[in-house]
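Let's take a walk through this one, starting with how its pieces are named and then moving on to its surface and its rings.

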Amino acid sequence: AIERFDPKRPDADGQLVSSVEGSWVGFCDFDGVRYWDSRSSQKQAISPPARTLPSDSRRRPDRNALAAKDYKLGQAKKLELEEQQRHERRLREAVHGKHSK
């Protein structure tokens, strides 16, 4: 159920606005009316976004080498990445100490 929440009265019961049932892999009903059902919905093709963040895993050289079946290069790039991550961890620990959050 979806309730209207009053932040000025956090302990008060909310006012029922709508009842929702279902799951993201099955169906979605609002107040007993089915708005979406995976069994009857038209399937959409999934395509990669036109632009991605620099941190997107699809940009990782080790992943791309493995996708191209260049396992030797993939392993070398993975080791480079892991060494860079260890170096960055040591820098953080030098500034903030070990195991700080």
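Helices and strands here are DSSP runs numbered from the N terminus, with helices being H or I over at least four residues and strands E over at least two. Keep in mind that this is a predicted model, where local features need pLDDT of at least 70, side-chain atom pairs count only at pLDDT 80 or more, and totals for chains, interfaces and linings use all residues. Residues are numbered from 1 along each chain as its sequence is written, and side-chain values use heavy atoms, with hydrogens and water left out.

Let's begin with aspartate 37, which lies in strand β5. Aspartate 37 has 10% relative accessibility, so it counts as buried; the cut-offs are under 20% relative accessible area for buried, over 50% for exposed, and partly exposed in between, with a 1.4 Å probe and protein chains only. Leaving aside residues up to four places away in sequence, aspartate 37 touches Gly26 and Phe27, where contact means heavy atoms within 4.5 Å.

Phe27 has another partner: the charged end of arginine 34 sits over the ring of phenylalanine 27, 3.9 Å from its centre. For that label, NZ of Lys or CZ of Arg has to be within 6 Å of the ring centre and within 35 degrees of the ring normal.

Now for the surface. Val20, Phe30, Val33, Tyr35 and Trp36 make a nonpolar patch of about 460 Å². Patches take residues with over 30% relative accessible area and no salt bridge, joining like charges within 9 Å and nonpolar side chains (Val, Leu, Ile, Met, Phe, Trp, Tyr) within 5 Å. A salt bridge is a side-chain nitrogen of Lys or Arg within 4 Å of a carboxyl oxygen of Asp or Glu, and accessible areas come from the Shrake-Rupley method with a 1.4 Å probe, counting only the protein chains shown as cover for residues. Strand β5 (residues 33-37) gives the largest share of the patch, three residues.

How many aromatic pairs are there? The count comes to one. The ring centres of phenylalanine 30 and tyrosine 35 are 5.7 Å apart with planes at 80 degrees, so the pair is edge-to-face. Rings of Phe, Tyr and Trp (its six-membered ring) pair if their centres lie within 6.5 Å, with planes under 30 degrees apart stacked, over 60 edge-to-face and the rest tilted. Phenylalanine 30 belongs to strand β4 (residues 27-30) and is partly exposed at 33%, while tyrosine 35 is exposed at 59%.

Finally, the loop between β4 and β5 holds aspartate 31, which has a positive phi of about 50 degrees although it is not a glycine.
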